[in-house]
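Here are some short exercises to work through with the structure open beside you. Try each task yourself before you read its solution.

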Amino acid sequence: MHRFSAASPSLGLALLAVLAATPAISQTHIESEQTRHELRVFDTSLVDTSVSPCENFYRFSCNNWFKRNPLPADQASYGRFTELFELNRLHLRQILEQASKPDSNRTANEQKIGDEYASCMDTAAVDKLGLTPIKPELDRIAALTRPDELPVLLAHLHTIGVDAFFDFSANQDYGDANQVISFYNAGGLGLPERDYYFRTDAKSAEQRKQYVEHVRKMFVLAGEPEEQAAKDAETVMAIETRLAKASLTVTEQRDPHNLNHPTDVAALSGTLTHFKLADYDEAAHAPASGKANETEPKFMAEFNDLVATTPVDQIRTYLRWHLLHSYAGTSMPQAFETETWNFYAHILNGAEKQQERWKRCTSRVDREMGEALGQVYVAKYFPPEEKQQALEMTLAIEQAMSKDIDSLDWMSPATKQQAKEKLKTVMNKIGYPDKWRDYSKLVIVRGDALGNLERVRQFNFNRELAKIGKPVDKTEWGMSPPTVNAYYDPQQNNVNFPAGYFQPPFYSGKEDDAANYGDMGSTIGHELTHGFDDEGRQFDKDGNLKDWWTKDDEAKFKQKAQCMVDQYDAIEAVPGVHLNGKLTLGENLADLGGLWLAWLAWQDKAQTAHLDMNAKIDGYTPEQRFWIAYAQQWCTQTRPEQLRSQAQTDPHSPDEYRTNSVLQDLPEFAKSFNCKAGDKMVSVKACRVW
């Protein structure tokens with residue numbers, strides 16, 4: 001994935017009340033916002049010439065952007081990606097406000113996205129209803145009296161998106177990528193990842209206390225007496241700590257072999273002696289037989305033991321917390337949403353102000369019905385010619401990768417042949433799906449924000465469940481069309497570039513190839529390189545977890561990759577917290593390899609066009625424009641709290657290092673700016689794999 005991990009995760013009144021709470025956004029307003037956010041791929045006004053490009057290229061390229069863009073109070077970080085994301089969100093808001101107007105001529109999808117947005121925006125109705133919409137679920141949990149009743153209850157909670165204990169899903173078989181099988185995964189934690197429960201530094205200890213206090217406050221909001229809420233919060237922390245101890249670390253999860261434990265449903269059922277899996281599967285309408293993957297056997301064994309040794313009243317407490325936690329966003333009264341924002345956005349990541357309601361509701365609809373909303377978005381903002389331009393650039397960079405593989409001096413001919421076969425079979429998905437998702441079975445009721453969320457989650461759960469036992473649909477997308485991001489899927493061997501990404505400041509048909517290849521070209525190269533990073537390289541051309549390397553080549557790859565692990569391990573993101581070179585290895589490899597591929601592809605194109613490499617535009621040569629465009633995509637302001645969280649949990653390095661650390665490893669960059677040995681932007685020990 002190019003930019004984000006996932007860091008994470010109503011209308012009882014008339015429509016008039018909604019529009020009074022949030023004024024309608026006009027086309028004129030959209031255009032004025034677009035003008036105010038005049039975005040360019042290469043922007044000389046952002047460059048700070050008082051900084052030497054050979055000392056700190058990130059600051060050279062971005063300092064004036066920093067001066068122009070102070071960090072908004074409602075953001076934990078704000079950068080070029082956020083700029084485009086916010087512009088896209090304005091466009092989506094316009095679509096949703098139009099769709100939310102009652103009109104007999106609305107299409108079925110317009111009715112769904114419009115009524116869901118209107119329901120979300122009606123805060124008065126949400127607050128008035130209070131906990132009434134979620135009371136049936138609280139009553140289900142309260143009715144749990146015996147451990148043998150847990151499987152049926154847990155199955156229901158999973159179908160409505162409550163991440164309690166473990167996670168059940170449908171995924172591709174690691175051994176046969178053409179088939180979808182049942183997956184039983186570790187889950188059930190309220191903190192971002194397992195090591196939050198065990199780090200011994202003062203800040204981590206403080207965050208654990210703040211988490212327990214957050215859980216206590218949520219129980220109080222739900223009606224518990226103060227003393228009981230405090231006791232229950234400690235119970236939640238104890239159960240989650242036990243689950244966390246049996247879970248893999250985020251670094252261990254990067255190795256697919258650590259997650260590949262094929263079994264079958266009957267065999268897994270036999271190991272869960274205190275949890276009747278057959279009852280769970282029946283209640284969830286999941287397959288009662290057939291192949292399955294138990295991704296973390298140690299975790300499932302601990303879960304089995306936990307069920308046997310934990311009093312039922314404590315299990316009820318834990319489930320009640322995860323129900324509240326799962327629905328505490330825009331579907332529940334403001335007090336719940338504010339308290340959740342305070343812990344996860346403010347305490348953990350440093351945001352100072354909650355985002356406006358329309359932003360949260362727009363993002364919610366995009367998450368819930370992204371293709372219904374995206375279909376309208378694409379028709380308005382992604383013309384066919386842009387899709388063709390994006391495809392041409394992707395093919396050019398794939399050709400560059402083929403040449404790059406041929407040039408590698410550390411890889412044997414046998415492995416090169418396999419690598420090129422894998423490259424040839426990569427599927428390029430640009431803009432949006434060829435076949436749009438069918439939402440006809442999803443019911444959206446105007447004025448029922450929480451019920452809508454519950455039905456959306458059940459719809460998605462059932463849709464995923466229906467895939468089990470069937471061939472994989474490689475045309476399906478994992479991101480909505482307006483998303484400002486991209487990803488590579490190692491089990492499907494495809495690259496995915498949503499329509500929302502192909503705009504300034506990342507791509508523009510009005511700007512030169514040097515800028516576009518330095519920016520969007522590096523993104524395309526990044527995603528292709530993921531097929532050959534420390535994780536992706538373990539999958540063959542068909543997406544199977546299968547070794548296609550010679551032992552000698554594998555050893556050489558690991559040796560070269562270790563150079564990058566050491567390089568990023570040495571970076572201190574915030575005082576006392578270093579980057580995790582193993583966690584970030586895949587993204588770092590993709591950053592460096594992707595930029596190199598973009599450089600090769602652009603050089604080929606420039607040579608074919610007989611481009612004058614000495615001719616300057618806006619004061620910079622084509623080569624310099626290439627590097628500056630690359631750096632300017634990463635201009636980002638980030639709060640220290642967010643940097644700390646990112647360093648501990650995110651496979652992406654902070655943006656400053658995605659710029660400087662990558663460029664330090666490329667002699668071609670140094671040559672373009674006449675940087676010499678001893679300059680900070682010239683690595684003493686340059687790393688290179690692809």
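## Exercise 1: Two partners of one helix

In this predicted model, the axes of H18 and helix H19 (residues 413-424) cross at roughly 175 degrees and come within 10 Å. Work out how H18 is oriented relative to H19 and to H23, and which residues make each contact.

*Solution.*
- Step 1. Two packed helices are described by the angle between their axes and the distance between the axes.
- Step 2. Angles over 145 degrees count as roughly antiparallel, so H18 and H19 are roughly antiparallel to each other.
- Step 3. On the H18 side, Glu 398, Met 401, Ser 402, Ile 405, Asp 406 and Ser 407 meet Lys 416, Ala 419, Lys 420 and Leu 423 of H19. Sorted by class, this contact has four nonpolar, two polar and four charged residues.
- Step 4. Now turn to H23 (residues 585-608): its axis lies 8 Å from that of H18 (residues 384-407), and the packing angle is about 105 degrees. That makes H18 roughly perpendicular to H23.
- Step 5. Ala 396, Ile 397, Ala 400, Met 401, Lys 403 and Asp 404 in H18 meet Trp 596, Leu 597, Ala 598, Leu 600, Ala 601 and Asp 604 in H23. The classes here are nine nonpolar, no polar and three charged residues.

## Exercise 2: The nonpolar cores

Find which residues have the most contacts inside the largest nonpolar core, and list what Phe 673 touches.

*Solution.*
- Step 1. In soluble globular proteins, nonpolar side chains tend to be buried together.
- Step 2. The largest nonpolar core has 118 residues, and those with the most contacts inside it are Phe 57, Ile 113, Trp 627, Phe 669, Phe 673 and Trp 690. H23 gives the most to this core, with eleven residues.
- Step 3. Setting aside residues up to four places away in sequence, Phe 673 touches Pro 53, Cys 54, Phe 57, Phe 60, Gln 624, Trp 627 and Ile 628.
- Step 4. There is also a second, separate core of 69 residues, which includes Leu 191, Tyr 211, Phe 219 and Ala 244.

## Exercise 3: Unusual backbone spots

Locate Phe 165 and His 285, and decide for each: buried or exposed? Then find where a cis peptide bond occurs.

*Solution.*
- Step 1. Most residues other than glycine have a negative phi, and most peptide bonds are trans.
- Step 2. Phe 165 has a positive phi, near 60 degrees, and sits in the loop between helix H8 (150-159) and strand S2 (166-172). Its relative accessibility is 0%, so Phe 165 counts as buried.
- Step 3. His 285 also has a positive phi near 60 degrees; its loop runs between helix H12 (277-284) and strand S5 (291-294). At 66% relative accessibility, His 285 counts as exposed.
- Step 4. The cis peptide bond joins Pro 504 and Pro 505, with omega about 15 degrees. Pro 505 is in the loop between strand S8 (494-498) and helix H21 (513-530).

## Exercise 4: A helix and a loop

Judge how enclosed H26 is, then find what Thr 483 contacts.

*Solution.*
- Step 1. Eight of the ten residues of H26 (residues 655-664) are buried, so this helix is largely enclosed by the rest of the structure. Among them are Tyr 657, Arg 658 and Val 662.
- Step 2. Thr 483 belongs to the loop between H20 and strand S7 (487-489).
- Step 3. Beyond its neighbours within four places in sequence, Thr 483 is in contact with Pro 498, Gly 500 and Tyr 501.
- Step 4. Thr 483 and Arg 89 are 394 residues apart in sequence, yet 9.6 Å apart in space, C-alpha to C-alpha.

Key: Residues numbered from 1 in each chain as written. Predicted model: local features only at pLDDT ≥ 70, side-chain atom pairs only at ≥ 80, totals over all residues. Heavy atoms only, no water. Buried < 20%, exposed > 50% of the residue type's maximum accessible area, 1.4 Å probe, protein only. Helix = DSSP H or I, 4+ residues; strand = E, 2+ residues; numbered from the N terminus. Axes fitted to C-alpha atoms, helices over the stretch in contact; angles between N-to-C directions. Parallel < 35°, antiparallel > 145°, perpendicular 65-115°, else oblique. Contact = heavy atoms within 4.5 Å. Nonpolar A, V, L, I, M, F, W, Y, C, P; charged D, E, K, R; others polar. Core = buried A, V, L, I, M, F, W, Y, C linked by side-chain atoms within 4.5 Å.
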